[in-house]
Each structure stands twice: as C-alpha cells, then as structure tokens.
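Hi everyone, thanks for making room for me today. Have a look at the structure on the screen, and I'll walk you through a few side chains.

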Amino acid sequence: MNTISFLKLIKEELNVTLNINDLKRITSENSGKIFFLKWLTENEFIISLNFSIGTNYTFDIDNKSKSAIVIYGTVSELTESKTKIILETKYKYGLFIILIIPIIMLILRLSYGLEIPVLFFFFPIVFFVIISLIFNSEEKKLIRYFKEHLETEKITHYNTV
C-alpha cells in the first residue's frame, strides 16, 4: 500500500442494468438506508452517511448532506436499460488548515524566541494523518453501502417487474 494513498481521491465507475428513472426511484426511497442520498440535478447526486458524530460536530455541515463524509455521483444513460454511475470524492481543504498550525508555531518560535517543544510541531501533522485515514475509510464504506443497496434494490426491482 502506498504510504500516502489516503490523500488520493476516490473515483469509481459502476454500470448498472437500470435506466435512470428506475435508479432515481430506487435511490429516492430513504427508508431503511444507512446513507442519505439527495439528487442535485437530473444527473448529479450526493451520498452521505446519515450520521457521523465526529464530522457533524467538527465540521460545518451544509444542508445538502447529513455528514462530512460525502460522495458525489454522476449518472449517464448508456442504453435504454443500462446506466453508468461515477462516484467520486472531493478534497477536504478544511483539513489542510490543521497543517497551518505548525507553520504558525515555527514563525512564533523564530520571531519571538518562544521555546515550543518539537513534539508540538508533530501533533497537528499526526492528527491530520489520522483524520484523513478515518475520512478515507468512511468514504470507502459509504461507497460499499451504496453498491450493496443498489444490488439489493435491483434484485427487488426485477422480482416486482
């Protein structure tokens, strides 16, 4: 495993044997889902965890999602009964603010001669790595939940048609 693979964006492509309208119907029924899905446009949607205690309290969550663990999806029709879904994550620029702390501490140390222990410089960096790993893991889990939901609902859809 690459040592900085947790910083890479996740991008997955799925081909499902459903048309876009069936896909919208299946995904718009929110009962019993582990995740929240909201259609933004005709071809774009977001998926987020229903609740993520750490990200709900730490980050400013907008009204489009229910947590900071968010996957963006785009659909395009391949044929009348086949749809391509692209799932991808975005950079979390807010996390990079954590990395500014060691720079500020270094400036204070050099400018004012403050005796800041070296250990304090590494704490924000370690914290950034841990939080990034958690986000990456949660995003992969969210994609897995979405795929499982599609498989379950696709089987149900074909049994009722």
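Let's start with Ile104. Is this residue buried, partly exposed or exposed? Its relative accessibility is 45%, so Ile104 counts as partly exposed. Please keep in mind that this is a predicted model. You'll find Ile104 in helix H4, which covers residues 100-112. Ile104 also has company: together with Ile97, Ile100, Leu108, Tyr112 and Leu114, Ile104 makes up a nonpolar patch on the surface. The accessible area of that patch adds up to about 590 Å².

How does the span of H4 fit its 13 residues? At 1.5 Å a residue we expect 18 Å, and the end C-alpha atoms are indeed 18 Å apart, so the two agree. Just after H4 comes Gly113, with a positive phi of about 70 degrees.

Now to the rings. How many aromatic pairs does a search of the whole structure find? Five. One of them is Trp39 with Phe45: the ring centres lie 4.9 Å apart and the planes meet at 55 degrees, so we call this pair tilted. Phe45 is buried, because its relative accessibility is 2%. Another pair is Phe96 with Phe128, where the centres are 5.3 Å apart and the planes are at 40 degrees, so this one is tilted as well. Phe96 belongs to helix H3 (residues 93-96) and Phe128 to helix H5 (residues 119-160), so their contact ties together parts that are 32 residues apart in sequence. The two partners have their own surroundings: Phe96 is partly exposed, at 36% relative accessible area, while Phe128 is buried, at 6%.

Back to Trp39 for a moment. Ring pairs link Trp39 with Phe35, Phe45 and Phe146 into a cluster. And Trp39 has a charged visitor too: the charged end of Lys24 sits over the Trp39 ring, 5.1 Å from the ring centre. Elsewhere, Lys90 lies over the face of Tyr72, 5.3 Å from the centre of that ring.

Let's stay with Lys24, as this residue leads us to the salt bridges. The structure holds five of them. In one, Lys24 pairs with Glu42, and the closest N and O atoms are 2.8 Å apart. What does this pair tie together? Lys24 is in helix H1 (residues 20-28) and Glu42 is in the loop between strand S2 (35-39) and strand S3 (44-49), so the bridge joins parts that are 18 residues apart in sequence. Here's a nice contrast: Lys24 counts as buried, at 17% relative accessibility, whereas Glu42 counts as exposed, at 59%.

A second example is Glu13 with Lys84, whose side chains meet at 3.4 Å, N to O. Glu13 sits in strand S1 (residues 11-16) and Lys84 in strand S5 (residues 82-88), so this pair ties together parts that are 71 residues apart in sequence. Lys84 is partly exposed, with 24% relative accessibility.

My last example is in helix H5. The side chains of Glu148 and Arg144 form a salt bridge at 3.6 Å, N to O. Where do the two residues lie? Both are in H5, four residues apart, about one turn of the helix. Glu148 is partly exposed at 43% relative accessibility, and Arg144 is partly exposed at 42%.

That's my tour, and I'm happy to go back to any of these on the screen.

Methods:
Residues are numbered from 1 along each chain as its sequence is written. This is a predicted model: local features need pLDDT of at least 70, side-chain atom pairs count only at pLDDT 80 or more; totals for chains, interfaces and linings use all residues. Side-chain values use heavy atoms; hydrogens and water are left out. Patches are made of residues with over 30% relative accessible area and no salt bridge: like charges are joined within 9 Å, nonpolar side chains (Val, Leu, Ile, Met, Phe, Trp, Tyr) within 5 Å. Accessible areas come from the Shrake-Rupley method with a 1.4 Å probe; for residues, only the protein chains shown count as cover. A salt bridge is a side-chain nitrogen of Lys or Arg within 4 Å of a carboxyl oxygen of Asp or Glu. Helices (H or I, at least four residues) and strands (E, at least two) are DSSP runs, numbered from the N terminus. Buried means under 20% relative accessible area, exposed over 50%, partly exposed in between (1.4 Å probe, protein chains only). The expected span of a helix is 1.5 Å times one less than its number of residues. Rings of Phe, Tyr and Trp (its six-membered ring) pair if their centres lie within 6.5 Å; planes under 30 degrees apart count as stacked, over 60 as edge-to-face and the rest as tilted. A charge sits over a ring if NZ of Lys or CZ of Arg is within 6 Å of the ring centre and within 35 degrees of the ring normal.
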